[in-house]
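Student: Could you take one part of this model and go through it closely, including what packs around it? Please state the cut-offs as you use them.

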Amino acid sequence: MPELPEVEALREFLDEHLAGKEIARALPVAISVLKTYDPPLSALDGTTVTAVDRHGKFLDIAAGGLHLLIHLARAGWLQWRDVLPSGPPRPGKGPLALRVALTGGDGFDLTEAGTTKRLAVHLVHDPADVPGVARLGPDPLAGDFDRDAFATLLAGERRQVKGALRDQSLIAGIGNAYSDEILHAARMSPFKPVQNLTEDETTALYEAMRATLRSAVERSHHVAAGRLKAEKKSGLRVHGRTGEACPVCGDTIREVSYRDSSLQYCPTCQTGGKPLADRRLSRLLK
Ligand SMILES: [Zn+2]
């Protein structure tokens, strides 16, 4: 799933390619992808794109006083095309979910792999009309989001730190991969309760969060849309690397599995050398 750094790179790419261009047509190909019906998608026809913004993991294409909000979710992706195929796309064939064609003949496709369809597109007058955008917490890379703002956000928080970091309404844009990376950089257990963080640990977590996300954004800078996923994977130090050696200490990276996801961590760097209980594994062993 694309998280803040990849969505930011897509935003930058789209802003360069779309700003000032005229939309010829926006066509929903998979019916389930479009979550709004008023205004209709045809309201974008003939409008000029003024800017491309990002809210957490949402892309926001502004055109003609409207906002096309895109949430790629787990399996969605964006493919830029210098030359779009002529003729209308056929529904029900392949992963194509929505196509935006510019009057110059170029444009982009939104695609979604797999059978679970969670890619979501909204066309609204105000980004805050989308509930997932309205409830977003602050952006962790915002200029005014300093260490004290982070500490204020965490005050009263009773969850484990991994869950808190992934909560979009607490802080926007961090998902399963970058929360693993941030906690590894902060040398902190994903299960540590937020209310047990010392002042120094809060500072370390804040700094790890900013440094991890900043360096991922830097790496993704000017990487073509088609190569972003590989770029993300190559930059991860623990996430998705179960069984490999920790690049910091050489210990074996371990995981905790859930029904449809897993987290990775280094015991030496993060949990005093002790493996965390893997509930799924312990259930299987009973
Ligand atoms: Zn380590």
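Tutor: The account below starts with one helix, turns to its surroundings and ends at the metal site. The model is predicted, so local features are taken only at pLDDT of at least 70 and side-chain atom pairs only at pLDDT 80 or more, whereas totals for chains, interfaces and linings use all residues. Residues are numbered from 1 along each chain as its sequence is written, and side-chain values use heavy atoms, with hydrogens and water left out.

Helix 5 spans residues 176-185; helices here are DSSP runs of H or I with at least four residues, strands are runs of E with at least two, and both are numbered from the N terminus. Nine of the ten residues in helix 5 are buried, where buried means under 20% relative accessible area, exposed means over 50% and partly exposed lies in between (1.4 Å probe, protein chains only). The buried set runs from Asn176 to His184 and includes Asp180 and Glu181 alongside Ile182 and Leu183. The cover over these residues includes helix 1, helix 4 (161-166), helix 6, helix 7, strand 10 and helix 8. After helix 5 comes arginine 187, with a positive phi near 55 degrees.

Helix 6 (residues 199-220) contains alanine 208, which is buried because its relative accessibility is 7%. Beyond its neighbours within four places in sequence, alanine 208 is in contact (heavy atoms within 4.5 Å) with Ile182, Ala185 and Ala186. The C-alpha atoms of alanine 208 and leucine 183 are 7.5 Å apart, with their positions 25 residues apart along the chain.

Strand 10 and helix 8, both part of the cover of helix 5, flank the loop that holds cysteine 266. The zinc ion is coordinated by the SG atoms of Cys246, Cys249, Cys266 and Cys269 at 2.2 to 2.3 Å; donors are N, O and S atoms within 2.8 Å of the metal (3.2 Å for Na, K and Ca), and sites may look incomplete as water is not among the atoms. The donor residues follow the spacing C-x2-C-x16-C-x2-C. Cysteine 249, in the loop between helix 7 (228-235) and strand 9 (254-257), and cysteine 266, 17 residues away, link distant parts of the chain. The arrangement is tetrahedral because the four donor atoms subtend angles of 97 to 114 degrees, and the term requires all angles to lie between 85 and 135 degrees. Cysteine 249 is partly exposed at 37% relative accessible area, whereas cysteine 266 is buried at 0%.

Definitions and conventions:
Four donors count as tetrahedral if all angles lie between 85 and 135 degrees; four count as square planar and six as octahedral if opposite donors are over 155 degrees apart and all others between 65 and 115; anything else is irregular.
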